[in-house]
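Visitor: I'm new to reading protein models, and I'd love a close look at just one part. Could you show me how its pieces fit together?

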Amino acid sequence: MTSIKLKITALLLLALMVSACSTTYPNKNPINQRFPDVVGTSLDDQTMNIPQDLPQEKVLLLLGYVQDSQFDIDRWLIGLDMTQTQVAAFELPTIQGMFPRMFQTQIDNGMRRGIPKELWGGVITIYADGDQIQQFTGNQNPNNARVILLNENREIIYFYDRGFAVAALNEVRNLL
């Protein structure tokens with residue numbers, strides 16, 4: 001019985017620490033702004049300077065701030081595939097706070113288990129600069145993915161933070 005109480009206490013403490021490490025920022029629309037310079041690591045262990053290391057063309061970024069954002073990101077990726085939209089798309093799990101950085105390896109390994117190896121290069125996790133990006137777009141309603149289309153100059157020409165909608169997908173397609 002004591003072991004169960006210790007486990008419950010540890011889980012409650014963990015939950016408290018995780019929630020204490022996050023800050024809520026009001027949502028913003030960063031259209032016509034340059035995407036901030038940040039560093040992340042792809043699931044195939046390549047350090048990436050974003051946006052400098054991205055292809056020199058229009059690029060779609062799918063930002064997720066919490067695990068539940070993956071639902072929106074998956075719908076965006078399916079929509080892009082079903083409409084045969086030709087754009088370089090990158091998933092950017094963007095995690096703020098010191099506590100998640102301490103478990104970066106475990107978090108990344110968990111993502112690797114759910115993503116086919118051939119797609120690992122397109123998933124770039126941002127830890128150290130996670131707070132910077134979340135402040136840049138806002139992170140209210142964190143379950144909603146943030147969708148950003150960058151032009152060749154790395155300026156944001158499209159932004160959407162309300163999940164997934166066919167109309168939003170068509171807007172992106174029109175800008176391509």
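Visitor: Among contacts between residues at least 6 apart in sequence, what percentage join residues at least 24 apart? After that, please take me through the open sheet of four strands.

Guide: Happy to! This is a predicted model, where local features need pLDDT of at least 70 and side-chain atom pairs count only at pLDDT 80 or more, while totals for chains, interfaces and linings use all residues. Residues are numbered from 1 along each chain as its sequence is written, and side-chain values use heavy atoms, without hydrogens or water.

The answer to your question is 73%, with a contact meaning heavy atoms within 4.5 Å. The protein has six helices and seven strands (DSSP runs numbered from the N terminus: H or I of at least four residues for helices, E of at least two for strands). Walking from the N terminus, you meet these elements in the order α-β-β-β-α-β-α-α-β-α-β-β-α. Of the 176 residues in the protein, 41% are buried (under 20% relative accessible area with a 1.4 Å probe, protein chains only; exposed is over 50%, partly exposed in between).

Now for your sheet. Follow its strands across and you read β4-β3-β6-β7, an open arrangement of four with mixed pairing (strands pair if DSSP finds at least two bridges between them). The edges belong to β4 (88–93) and β7, and each has a single partner strand, so one side of each is left without a neighbour in the sheet. From one strand to the next, the twist averages 20° (axes are lines fitted to C-alpha atoms, for helices over the stretch in contact, with angles from 0 to 180 degrees between N-to-C directions).

Let's zoom in on β6 and β7. They run antiparallel and are joined by four bridges. You can find Val147 standing opposite Tyr160 of β7. Helix α6, residues 166–175, lies across β3, β6 and β7, and runs at about 170° to β7.

Between β6 (146–150) and β7 (156–160) is a loop that holds Arg154. Most residues other than glycine have a negative phi, and most peptide bonds are trans. Arg154 has a positive phi, near 70°, and this residue is buried, with a relative accessible area of 4%.

Two other loops are worth a visit. Asp45, in the loop between β1 (38–42) and β2, also has a positive phi, near 65°. Asp45 is exposed, at 57% relative accessible area. In the loop from β2 (47–50) to β3 (59–64) you will find Pro51, and the peptide bond leading to Pro51 from Ile50 is cis, with omega near 5°.
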